[in-house]
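Subject: Structure for your review

Dear colleague,

Please find the structure below, handed over for your examination. A summary of what was found in it follows.

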Amino acid sequence: MAITSANQLELLQTAEAVAREKMIDPELVIEAMEDSLARAAKSRYGAEMDIRVSIDRKTGRATFTRVRTVVEEELLENYQAELTVKQAKQYLADPQIGDEIVDEVPPVDLGRIAAQSAKQVILQKVREAERDRQFEEFKDRKGSIINGMVKREEYGNIIVDIGRGEAILRRNEKIGRESYRPNDRIRCYIKDVRREPRGPQVFLSRTDPQFMAELFKMEVPEIYDGIIEIKACARDPGSRAKIAVISYDNSIDPVGACVGMRGSRVQAVVNELQGEKIDIIPWNEDQATFLVNALQPAEVSKVVIDEEAGKIEVVVPDEQLSLAIGRRGQNVRLASQLTGLDIDILTEAQESERRQAEFASRTGMFMEALDLDETFAQLLVAEGFTNLEEVAYVDLDELLVIDGVDEGTAEELQARARDYIEAQNAKALAAAKELGVEDALIDFEGLTPQMVEALAKDGVKTLEDFATCADWELAGGWTTVNGERVKDEGILEKFDVSLEEAQRLVMTARISLGWVDPAELEAEAEDDTAEDEEEV
């Protein structure tokens, strides 16, 4: 096959045809042809030569040239493609480093092997251009719904024809009981679009919660127009889902708008999701109210929120427990995903037992520490006193409101509480010193003797040790392991030290040791404040 001896316009016609078929720029095809002809020419003239090919965009004439570059004498390595300034003087009047000497060489007739090689180069370039075109076309459609046609199945994954390319629906992104045959129509959510060295670049999903959200956007004009917003959604694909909505127009009911006349709108989404049952829930800024809504259809008696731990306790009537938890924990799991909180569900009986246990524990503590009879200790607990510090340092008036407590009794109570605390402090201090705690840590402001003792038992015995602690090591925290939140116990957690307080204590220790410059901290704080103001 001799490309150069063929009709010169044939190259341009071929480039146009390939570009039209693959929907890419003809210029890319011509550049691929130039590369392939240059590679074939190198196999004829020598691989070390710098052979370049230029195809005239109007006539189709291919020009073959040999290029030699002027380099410094000590850098001369390739005698076929480089030459020194001295050697270049016979070609150029005043040669400079980097100048190029271009000589036209006779065109090459491609043999069968060279023609095959050139064809492979062109195909490779065309494939790359096709992938780039597909990426550019779909990168901005990430997060939207697309309709396609099933082409084939590979190892459980579905290859989908999406018009100008192919996409993949992985088996773990399919709704459980779905099966597809070639030429079936399919609607999917574009979950990701990324560059891949080989294969599809568009990744689809039918299990993503946002697929359901986008379906509602298509079915409910108010969502599309922004009058109603989907604030959160959670799915157990193919089984059940919850979606939280809010209306910015008081005259429009968000739940009713999503359900539609006789359930027509929600039914269209349910049909697309293979019968998945959908609970539509009104969103509320108040976490407790939102959670009560999220646990529907179960009734909730009481909600207790622990914001620091990110946990929430829900008390339900005994007969509502199974409904609140749901089959295999489905209802509470979806409500947890919807609210972003860990939810513990208790029955009224369980909550009552726990409250009684706490009441008995505090009563016993007051009886032992303050040498009180059971009735008096119960009165203190009933009035909301939870620890000795509250009794010892509270205003006297708050003790006088207790039935049967006069000024003398109140003063005696406070004196006993202070004596007990001081005795406990002295005991903890002695234990800490016995463990080898340094005076700098004992005298550090913000740490009680009991805290110092707890630190010493954990190996923190110097101010330097304390300054290297992380805030969560002191106050405790939560980490996510395999999708589940796991509690990290803090050294000072039992003393109700918050993360912010722990951070402040550690930073104060670092400043006192000279590890941190307070001026730099102030500058960083000012910068953060300025950035926050700019964002607002």
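**Findings**

Glu214 has a relative accessibility of 16% and therefore counts as buried, the limit being under 20%. Please note that this is a predicted model. Glu214 is engaged in a salt bridge with Lys217, with 3.4 Å between the closest N and O atoms. The two residues, Lys217 and Glu214, are three residues apart in helix 5, so that about one helical turn separates them. Lys217, at 33% relative accessibility, is classed as partly exposed.

Helix 5 itself lies across strand 5, strand 8 and strand 9. Relative to strand 8, the helix runs at about 120°. These strands belong to a closed barrel of five strands, in the order 5-6-7-9-8 and with mixed pairing. On average, neighbouring strands of this sheet are turned by 55° against each other, direction ignored. Strand 5 (residues 145-154) pairs with strand 8 (residues 185-193) in the antiparallel sense, over five bridges. Met149 has Arg185 as its bridge partner in strand 8.

With regard to salt bridges, the count for the model comes to 18. Two of the pairs link distant parts of the chain, as set out below.

- Glu272 and Arg206 meet through their side chains at 2.8 Å, N to O. Glu272 is in helix 8 (residues 264-272), whereas Arg206 is in the loop between strand 9 (202-205) and helix 5 (209-219), 66 residues apart. Arg206 is buried, with a relative accessible area of 1%.
- Arg235 and Glu276 form a salt bridge whose closest N and O atoms are 2.9 Å apart. Arg235 is in strand 10 (residues 228-236) and Glu276 in the loop between helix 8 and strand 12 (277-282), with their positions 41 residues apart in the chain. Arg235 is buried at a relative accessible area of 6%, and Glu276 is buried at 0%.

In addition, Lys151, Arg152, Glu154 and Glu166 are joined into one network by salt bridges that share partners.

As to confidence, the chain averages a pLDDT of 81, and 88% of the residues score at least 70. Over residues 1-7, however, the pLDDT is below 50. This stretch has 13 contacts in the model beyond near neighbours in sequence. Where pLDDT is low, the predicted coordinates should not be read in detail.

With kind regards

How values were computed:
Residues are numbered from 1 along each chain as its sequence is written. This is a predicted model: local features need pLDDT of at least 70, side-chain atom pairs count only at pLDDT 80 or more; totals for chains, interfaces and linings use all residues. Side-chain values use heavy atoms; hydrogens and water are left out. pLDDT is the predictor's confidence in each residue, from 0 to 100. Contact means heavy atoms within 4.5 Å. A salt bridge is a side-chain nitrogen of Lys or Arg within 4 Å of a carboxyl oxygen of Asp or Glu. Helices (H or I, at least four residues) and strands (E, at least two) are DSSP runs, numbered from the N terminus. Buried means under 20% relative accessible area, exposed over 50%, partly exposed in between (1.4 Å probe, protein chains only). Two strands pair if DSSP finds at least two bridges between them. Axes are lines fitted to C-alpha atoms, for helices over the stretch in contact, and angles run from 0 to 180 degrees between N-to-C directions.
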